[in-house]
Structures are given as C-alpha cells and as structure tokens.
Amino acid sequence: MEQSAGKMLVLAGSVLVLPLLAFITSVMFWPGALIKAYNWYMRHKLGLVVRYAHSGSYRFCYSSRGTPGSALPSLLLLHGFSATKDMWLPVVKHLPRDQHVVCVDMPGHEGTSRTGAEDYSIQGQVGRIRQFVQSIGLDRRPFHLVGTSMGGNVAGVYAAHYPAHLSGVTLMCPAGLDYPTDTKFIRRLRELEKNQQEESIPLIPSTHQEMEEMLQLCCFTPLNLPRQVLRGLLDNRIPNNGFYREVFMEIVGEKSRHSLQENLRLLASPLQVIWGKEDQVLDVSGAAVLQAAVPSCQVSLLDNCGHSVALERPRKAAQLIMDFLTAQNVGIEDVKKLS
C-alpha cells in the first residue's frame, strides 16, 4: 500500500513537473514561440478569432470580434510598420465587448500575402486595404477607420479617397506629414539618405542592443522587459528584416513620404487625432498640421506618452475612440430627427 501511495505521489509530481519543465525549456530555447503562444492566449481571452479573406489570389489575415450592425459603426484597426494585428490587443481589451472590431495584418505583414514593392507604398497599401474591406463586406455600411504610424498614413489617404466608406477616422501619431519639428529619428534618416549608407535602420533591429534602443525610441515609459522576452521579440523579427527594409524604403521614398500631407485637402470624414507628447519618432507638432488643415478635427495630446500609444496608453486610447464614435453617432441621430 505504501509503495502504491509512493508511486502515486511520484506520478502526481511528474504531472506537475513536466509542464513546468516544458515552460522553462520554451523560455530558454524558443522565447519567440512563447510570445506567439501568449498572443494566441490573449486573442482567445478577448474573444478575437483569426480569419482569412481573399481578393483573387491575394490573402488577408485578420482577427475580429462581434458582428456589424450594432448602434455604433464597426472599427477597422491598421497597425504600424513591422508590427502585426496583435499590436492592438491592449486596446481591444478596453473596448466594449459588443463593439465589432477588425484588426488586419497590413500588406506583407504576418499572415497577409507578401508580394512586391508595388503593394508596400502607401498608395499600394491603400488599394489592398480597399480590397480587404470589400472582401469581408465591411463597406456595406459606414465604418470607423483607425491607423497608427504607417497605418495612420494609410488610414488618412484611404479616408481622402473613399470617404463614402467611413463614418470617421482616427489617426494616432500618423506618418506621412511635413512636420514643423524634426525628431532625432527623422534627422538620422536624412543623414542615411544623404550619405546613401547601408547602416542599420533604428526601426529594424538585428541585435539585443538595437532592440532595446528601438523600444526606448518608441516608448516614453521604459518597458524593462526581461532579456528572454527581448530575445523572443528579436527572434520573431529577424527572419523578416529583409522584408521590413523593403517596406521601409518604400514608405520613406518620394512617392509615399508625404502621402498624408498631399491628401489633407481631400479629408471630409470626421477626424480624430491622438498623439503622445513625447513622441521621438514622429514629432507631436504634426497634430497642429492636421488641425490647421481640418479645423473641425478633435485633437488629444497624451502626457507621458511616446510613439506607441496603443502599448503605453491602451485604456486611454480605447476610451477616446469610443467617446468619439458615440459623439459622432449622437450627432447623426440628431440630424435624422431634424430632417
């Protein structure tokens, strides 16, 4: 009997120890896989389902929650350069559970088809996002478009060209403007361009030190991530660095660099602007450029926040977006009552 009890204890101990060993092994040897598993868990917890849509042979990967047709418009979220749809997880966490939300991988990123340079310019990305919208039927009723950084550039140009699709647009620290004040990052890019050097691009890290420097550049509040987490983030990025460089050269090239600036006069949709006051990538002075072009726009400047608003201030970003949606919807209902 005692031997049986001992065997049971050993067996129970093994059941507990094996998952722990598997976890430790994953952290030590496959931290990138662990980060992907965490994102899977968070999507599941938040009720987001990964789906695929096609336009001809082109494949879009996206996650979504809820269904269109509620009182408020659907939300389509466009991420920034070298990110994925999962960068929006912290924001989705603070959105109402019944809010229909769609997060798409931008052209070439993560699960969306990787083709060529023609799809990576801002105009090319706008064309692909239009195809995505049509492929899932999101344009059957006006939706609200949100974009950050590169995604903000795309969202702004999309709004300029397809205003009938939209109930409104939110631009978070958008690229594509002629900024009154340069950041250190922009000055560095101009030096690289002038000297035609093949030096590392600050947003495309290939070492642990460069990864830490990129996070410091994008976030005002230090993240203080464990070394293994940094390694996992880097491991997931390095295989894509060639692609990231190709996209980067397209979006900073002459065709795309000031795409949003060149389309400001066409913006007709209700506009919301959110910007971190401590943005070291794209200076907050860009908010004044947008407000001068669209005086009716609503501008929110966030204290103690850098370029990565969705990461640093997700609750505030979600609240601002939902408040804007609600205010726009109330305005529409009031107009209907008067007509």
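Which residue in β2 is the bridge partner of Ser 55? In this predicted model, the partner turns out to be Tyr 58. The pair belongs to a stretch where β1 and β2 run antiparallel, joined by seven bridges. Just two residues sit between the strands of this hairpin, and Gly 56 takes a positive phi there, near 65°.

Zooming out, the protein has 339 residues, and 48% of them count as buried. Its secondary structure comes to 13 helices and eight strands. The accessible surface adds up to about 16,900 Å², with 55% of that belonging to carbon and sulfur atoms. As for how the chain meets itself, take the contacts between residues at least 6 apart in sequence: 74% of these join residues at least 24 apart.

Now for the sheet. Eight strands make up an open sheet with mixed pairing, in the order β1-β2-β4-β3-β5-β6-β7-β8. β1 (49–55) and β8 stand at the edges with a single partner strand each, so one side of each has no neighbour in the sheet. From one strand to the next, the twist averages 20°. Strands in a sheet pair through backbone hydrogen bonds, and they can do so parallel or antiparallel. The β1 and β2 hairpin is a case of antiparallel pairing, while β3 and β5 (residues 143–148) run parallel, with four bridges joining them. Along that parallel pair, Leu 76 stands opposite Leu 145 in β5.

Helices pack on this sheet too. α4 lies across β1, β2 (58–65), β3, β4 and β5, and runs at about 60° to β2. Helix α11 (residues 286–293) also packs on the sheet, where it touches β6 (166–172), β7 (271–276) and β8. The direction of α11 makes about 165° with that of β7.

On to the charged pairs. Side chains of opposite charge can pair when their charged atoms come close. The structure holds six salt bridges, including one between the side chains of Lys 85 and Asp 105, at 2.9 Å from N to O. This pair links distant parts of the chain, 20 residues apart: Lys 85 is in the loop between β3 (75–78) and α3 (89–92), and Asp 105 in the loop between β4 (101–104) and α4 (122–135). Both Lys 85 and Asp 105 are buried. Another salt bridge brings together the side chains of Arg 128 and Asp 119, at 3.1 Å from N to O, and here too both residues are buried.

What about the salt bridge of Arg 190 and Asp 182: what is its N to O distance? The side chains of Arg 190 and Asp 182 meet at 2.3 Å. Arg 190 has a relative accessible area of 46%, so this residue is classed as partly exposed. Asp 182 also counts as partly exposed, because its relative accessibility is 25%, and buried would mean under 20%.

A couple of backbone oddities turn up in the loops. Ser 82 has a positive phi, near 65°, in a residue other than glycine. Ser 82 is placed in the loop between β3 and α3, the loop that also holds Lys 85. With a relative accessible area of 9%, Ser 82 is buried. Cys 173 is not a glycine either, yet its phi is positive at about 45°. Cys 173 is found in the loop between β6 and α6 (184–195). The relative accessible area of Cys 173 is 0%, so this residue counts as buried.

Cys 173 also shows up around His 307. Setting aside residues up to four places away in sequence, His 307 touches Ser 149, Cys 173, Cys 218, Asp 279, Val 281, Leu 282 and Glu 312. His 307 itself lies in the loop between β8 (298–302) and α12 (309–312). Is His 307 buried or exposed? His 307 counts as buried, because its relative accessibility is 7%.

Notes:
Residues are numbered from 1 along each chain as its sequence is written. This is a predicted model: local features need pLDDT of at least 70, side-chain atom pairs count only at pLDDT 80 or more; totals for chains, interfaces and linings use all residues. Side-chain values use heavy atoms; hydrogens and water are left out. A salt bridge is a side-chain nitrogen of Lys or Arg within 4 Å of a carboxyl oxygen of Asp or Glu. Buried means under 20% relative accessible area, exposed over 50%, partly exposed in between (1.4 Å probe, protein chains only). Contact means heavy atoms within 4.5 Å. Accessible areas come from the Shrake-Rupley method with a 1.4 Å probe; for residues, only the protein chains shown count as cover. Two strands pair if DSSP finds at least two bridges between them. Axes are lines fitted to C-alpha atoms, for helices over the stretch in contact, and angles run from 0 to 180 degrees between N-to-C directions.
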